[in-house]
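Please brief me on this structure, with the points grouped by topic and each term explained where it comes up.

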Number of protein chains: 2
Amino acid sequence: MAKMTPRTLSGFMELLPAPQQQMERIMKVLRETYSLYGFTPLDTPVIESSEVLLAKAGGETEKQIYRFTKGDSDLSLRFDLTVPLAKYVALHYNELAFPFRRYQIGKVYRGERAQRGRFREFYQADIDIIGDGKLDITNEAEIPAIIYKTFSTLGLKRFQIRVNNRKILNGFYGMLGLTEKSGDIMRTVDKLDKIGPDKVKAILMGEEIALSEADADEILKFIAITGSNEEVLAALEGYQGRHEIFDAGLAELKAVVKYLAAFGIPAENFAVDLTIARGLDYYTGTVYETTLLDHPEIGSVCSGGRYDNLAEYYTDKQLPGVGISIGLTRLFYVLGEQKLLNDALPTAPADVLVLPMTEDLSAAISLATTLRESGIRTQLYTEQKKFKQKMTYADKIGVPYAIFLGEDEINAGIVACKDMTTGEQTKLDSAATIARIKAGLAELEKGAIILE
Amino acid sequence: MAKMTPRTLSGFMELLPAPQQQMERIMKVLRETYSLYGFTPLDTPVIESSEVLLAKAGGETEKQIYRFTKGDSDLSLRFDLTVPLAKYVALHYNELAFPFRRYQIGKVYRGERAQRGRFREFYQADIDIIGDGKLDITNEAEIPAIIYKTFSTLGLKRFQIRVNNRKILNGFYGMLGLTEKSGDIMRTVDKLDKIGPDKVKAILMGEEIALSEADADEILKFIAITGSNEEVLAALEGYQGRHEIFDAGLAELKAVVKYLAAFGIPAENFAVDLTIARGLDYYTGTVYETTLLDHPEIGSVCSGGRYDNLAEYYTDKQLPGVGISIGLTRLFYVLGEQKLLNDALPTAPADVLVLPMTEDLSAAISLATTLRESGIRTQLYTEQKKFKQKMTYADKIGVPYAIFLGEDEINAGIVACKDMTTGEQTKLDSAATIARIKAGLAELEKGAIILE
């Protein structure tokens, strides 16, 4: 028979078992952390009606969409988790309780040009809090706590949650009479890290934006405000009373900063950063970025912000919200490339491989059943192979423990258990063996998931 | 602005938060149970190249496939998890260790005619064990243990894993010289439960299959063999020595039955059932079905079997395997329709709702942080609403505990905690409150996930 060469599409991540286990471990942390903060899991269809999904979209996004017809239906694959959330909240408005807090970890699709590190199918891990009409500022203050908990649970210490408020920026540009140009200015200022202040100034004074030198200097002076949270807030207070929107933004930023300690966020993991604007016009208040201090080249690993109207394309209800998103597939890819995924954590499909050494398997199977009942992930290896091949298999799957069960052990009521890392072998009864394995596994699991 | 009416496509399940939590709970049991038996999680793309995905497919399947072009690519959405597994194993053959045990819980797509209870996007939850060249029969004996563990962990007692062996059937038809007709015969016999023996006999002797009355009687006598496992095996031994394939099948069936007790499977949850053939021509040895004894109308909730060549369309390697699949979305839908999902288990997004009664939120936020650090899922409610509206919210999300924190409590170093189920309120310090909540949650979580 002619064979079809198996292949996986370019831009689609398909992991081998060991890295898949690493990915699962990260997803588990995300699910558990989001749950800890009272977010409910949601799962919406990958396919939506094009007219519903694309009610808002246009331009670059629309070009990338996987859109097709099936029968009479014009269908599209979701390209983010926000539009499906907007649809969900508008559709199920009467059945939901607000504030509605949901998390969703799901695949989204964008037909981007294939290149290294760019994915066409990728996971986003989003949380959002949606209010009905209003949403208290404390929700915005809570978001950095969730980001902190997420990344510290993943094992990181040297990361920084950078926060700004769009109202402060908009208000500041309002003071200078530059509201019309604020979009262009923010896009330019956003490049500060990459191109430096001189080039930013040149662009601001260039043909397109055409600011006066005084205005450009004002802006550079403003975004150069740095220091501790208290220092930045004190500097911002100097601008107070000149613009209503600025004052509102400053009050919000103070509220966010006020409760940092109560939310358990160490000062070194948080910074007010006036250069952050977030590309999307969507955000209206607090905005967030998260960077790994030793790996700035990765860019923001978790971003988001406050928006005023989630579902305006579907409903007249005013649904303000705040949310953050982790581009999980890209993050996982970059962490792997940079060798930042901790390979010392177990990735085997099982904790124990049971190798029966007798023809009758009853004792080995009973032992496997006992191990499983005690919560130990157990694989029974019963293929007719030579001992050496069995050990090669144990090594290849990276199983932490191997148990040998021969006549002698069965008669003596003991179990021979080999620690595959140290080579150390014990002969204990099954209860003591289980205790030893559990202690060993707990030790193995202690390491950070992501290295620094 | 004109609004687009939000809607979800017909045939696509989109759950409200409470049922979504029930679904998540089931998925968690599946993930944990499969892991306990040494299966590694896998995640393959939803989209595959059409020529790869459809190397084998044809007929009814091909018509249902979501197929489309993007740029120059002819793409299809996966319609099951088996073909992607075959592709995966063939593609990554050199990097995998065999036997390769994987589980996958993922969405698949079939553009079926929309009707109640039929889904176009649905989850399958599959496990498979793939051997390289050979695969020991003990793997087939282990599968019922996994099915038993899965459904008993979901809270069920009254279910039966029904097992047969295709070689026994093929061998038996071989004895009668009816090998050519065995496919037609098995498809007819499969209807026994629905149409009864008389109609089966009529069809067997009808124009199409045209058996003699003697042959039809032999077949009906054979499939009428019932009783305990020992009784059925004893009756089958009466046919031994007449056909090689039959004898091989009987030996396999005996091996599967032999280790039931060691695998921890109670006798009442297992039955040899000679009427089971499974529609697919794919299976070559042991076949499995699982039925809920009090709900036969649901049909098999977990089916599968042994196959000889997983990836013959992609590789010359002989890759025999055994696997089972749960049609999770359909099962969940049917359980919901039949009111078999236990609504007494908590489905709230949080275990505790913290309601601050002071203007400064520091104490309430610190308490929420402490609760979360102890693993309690906590939501902080800070909207400016009347007390009654706050309690309505607590009721609507179904949160098990509400904590009120006013000046008095803060000054006294205590916490007022209301059990929302019983209405009982305690005033204890935070450590005692956490202990009480944890004990209460453990009690709430005790119930079965699926009712009988």
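B:Thr392 sits in helix α14 (residues 387-397) of chain B, where helices are DSSP runs of H or I with at least four residues, strands are runs of E with at least two, and both are numbered from the N terminus. With a relative accessibility of 45%, B:Thr392 counts as partly exposed, a class that lies between buried (under 20% relative accessible area) and exposed (over 50%), computed with a 1.4 Å probe on protein chains only. This is a predicted model, in which local features need pLDDT of at least 70 and side-chain atom pairs count only at pLDDT 80 or more, while totals for chains, interfaces and linings use all residues. Residues are numbered from 1 along each chain as its sequence is written, chains are lettered from A in the order in which they are written, and side-chain values use heavy atoms, with hydrogens and water left out.

**How the two chains are related**

- Chain B can be laid on chain A with an RMSD of 0.0 Å by a turn of 180° and a shift of 0.0 Å along the axis, the fit being by least squares on the C-alpha atoms of residues with pLDDT of at least 70 in both copies.
- The two copies are thus related as by a two-fold rotation axis.
- The residue of chain B that comes closest to this axis is B:Phe68, whose C-alpha is at 3.0 Å.

**The interface**

- Chain B and chain A each give 104 residues to the contact, which means heavy atoms within 4.5 Å.
- Between them the chains bury about 8,800 Å², 57% of it on carbon and sulfur atoms, buried area being the accessible area (1.4 Å probe) that two parts lose on being put together, summed over both.
- On the side of chain B, the most area is lost by B:Met4, B:Asp43 and B:Arg372, together 8% of what that side buries.

**Salt bridges**

- The interface holds 12 salt bridges, each defined as a side-chain nitrogen of Lys or Arg within 4 Å of a carboxyl oxygen of Asp or Glu.
- A:Arg7 and B:Glu51 form a salt bridge at 3.2 Å, N to O; A:Arg7 lies in the segment before α1 (17-36) of chain A and B:Glu51 in helix α2 (residues 50-53) of chain B, so the pair joins two chains.
- Within chain B, B:Glu337 and B:Arg116 form a salt bridge whose closest N and O atoms are 2.6 Å apart, and the pair ties together parts that are 221 residues apart in sequence.
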